[in-house]
Amino acid sequence: MQRRTFLTALTAALIAAPVSATVAAETLTVYTSRNEQLIQPVFDAFTKATGITVRFTTDKDGALIERLKAEGENTPADVLITVDAGNLWLAKRSGVLQPLTSDVVLQKIPAHLRDADNHWFGVSLRARTVMRHVERVRADEIARYEDLADPKWKGRLCLRTSKNVYNQSLVATMIADLGEAKTEAIVKGWVANLATLPFPNDTAVLEAIAQGICDVGITNTYYLGRLVAKNPQFPVVPVWTNQQDRGVHVNVSGVGVTKHAKHPELAKRFIEWLVTSDAQKIFAEQNHEYPVVEGTPVSPVVARWGTFQASQTPLSKAGELQRAAVQLMDRAGWR
Ligand code: FE
C-alpha cells in the first residue's frame, strides 16, 4: 500500500516538474469524429490531469479512416475516436488500429462493449430505442421494437434514413439476435407504418413526434437529452424496449490506438484516463450519454428516464453484420 502511494506521488512529481522542457514529446495527436464542442472539454481535462497536450483533427468517421489508410506510417495520429461500433469495427478491419494491452481498461469496460482483440474500446454508451409522444401514446402501448411493425402504428412511425450507421447497427444486432428472416419481417412492418419519408437525423425524428407528424420513432437517447435540456416540456419520452427478453439496443462512442502511433505510451495513458470517473462524468454531463464504467452518475435529464436492461449482444456484431443489414433494409424499401 505504502509503496503504491509513494509511486503515485513520484509519478505526480515527474509530471508536474519540467513541463515546458517535455512539451514536444508530450503531445498526443487525435483524429476524432466527435464534435469539437463535446470533445474539447475531454481533452482539456486530460491535459489538466496529466500535463499531456492534445492536438486534434475532426472529420467524418469514414473520412478519418480513409485518411489513416492513406497516411500509413506517416500519420501523425496516435488515437482514433469515433462513434458507433460499426465504424470502430470498420477501422479495425481497415488495418488502421493496433491492439492495446491495459489491465485497467479491460477491467473497467465490459467485454461486449469492446473489441475481443483489444483494437477498440467503447468509452461512452447510448441507447437507440423507441421514442413516444408522452400524451398521444401510453407507456403500456409498446414494449418491443417488434411492436412498431404492428398495423396499429400505420402512418404513425417516423424513422431516420437507413444510410445512417446507427440504424445499420440496430438492424445488424437484430439479425444477430433474431435471425435474418424475422428481422426482415419486422423491418418491412416498420416501413409499412411510416408516416412520412425517413429523416436525415435523429433530432428531426424527435421534432416530428413533438409536432404531431408521427407518434413514435427510434432514436439515440442523447438527442432527446439535448432537446429536453433546452426545453423541459419537450413532449417525447423513451420506451425501454425488450425488457422481458434481449434488452435495449445500445451502442458506443469508442477509441483505439492507431496502427502507426508515434506515442503509443501517451495513447495508452489517454485511454486509461478515459475510463476514470472524471472523464466518464464529462460524457455523461456534456452529451447526456451513459457511462461505460459502473458507478458514474448520469445527467439529471437522463436520470429522470430511469434505468433499463441493456442488450448484451457483442457490439462487434454491428460491424460483422453491417453489410447484411444494409441489404436487408434495402430489400424492405427503407430509404
Ligand atoms: Fe450521434
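This text leads through the iron site of a predicted model and then turns to the helices.

The iron ion is held by three protein donors, the OH atoms of Tyr166, Tyr222 and Tyr223, which lie 1.9 to 2.1 Å from the ion. Along the chain, these donors follow the spacing Y-x55-Y-Y. Distant parts of the chain are thereby linked: tyrosine 166 belongs to helix 7 (residues 165–178) and tyrosine 223 to helix 10 (residues 221–230), with the two positions 57 residues apart in the numbering. Tyrosine 166 has a relative accessibility of 8% and therefore counts as buried, the limit being under 20%. Tyrosine 223, at 13% relative accessibility, also counts as buried.

Helix 10, which carries tyrosine 223, also packs against helix 9 (residues 202–211). The angle between these two helices is about 60°, and their axes are 9 Å apart. Helix 9 is therefore oblique to helix 10. The crossing of the pair is right-handed. On the side of helix 9, the residues in contact are Asp202, Thr203, Leu206 and Glu207; on the side of helix 10, they are Tyr223, Leu224 and Leu227. Tyr223 thus appears both among the donors of the iron ion and in the contact with helix 9.

A further element is helix 11 (residues 264–274), whose buried residues are Leu266, Ala267, Phe270, Ile271, Trp273 and Leu274. Viewed down the axis of helix 11, these residues fall within an arc of 160°, so they line one face of the helix. In general, an α-helix has 3.6 residues a turn, so residues three or four places apart point the same way.

Methods:
Residues are numbered from 1 along each chain as its sequence is written. This is a predicted model: local features need pLDDT of at least 70, side-chain atom pairs count only at pLDDT 80 or more; totals for chains, interfaces and linings use all residues. Side-chain values use heavy atoms; hydrogens and water are left out. Buried means under 20% relative accessible area, exposed over 50%, partly exposed in between (1.4 Å probe, protein chains only). Helices (H or I, at least four residues) and strands (E, at least two) are DSSP runs, numbered from the N terminus. The arc is that of the directions from the helix axis to the C-beta atoms. Donors are N, O and S atoms within 2.8 Å of the metal (3.2 Å for Na, K and Ca); water is not among the atoms, so sites may look incomplete. Axes are lines fitted to C-alpha atoms, for helices over the stretch in contact, and angles run from 0 to 180 degrees between N-to-C directions. Angles under 35 degrees count as roughly parallel, over 145 as roughly antiparallel, 65 to 115 as roughly perpendicular and the rest as oblique. A crossing is left-handed if the near helix is turned anticlockwise from the far one by less than a right angle, and right-handed if clockwise. Contact means heavy atoms within 4.5 Å.
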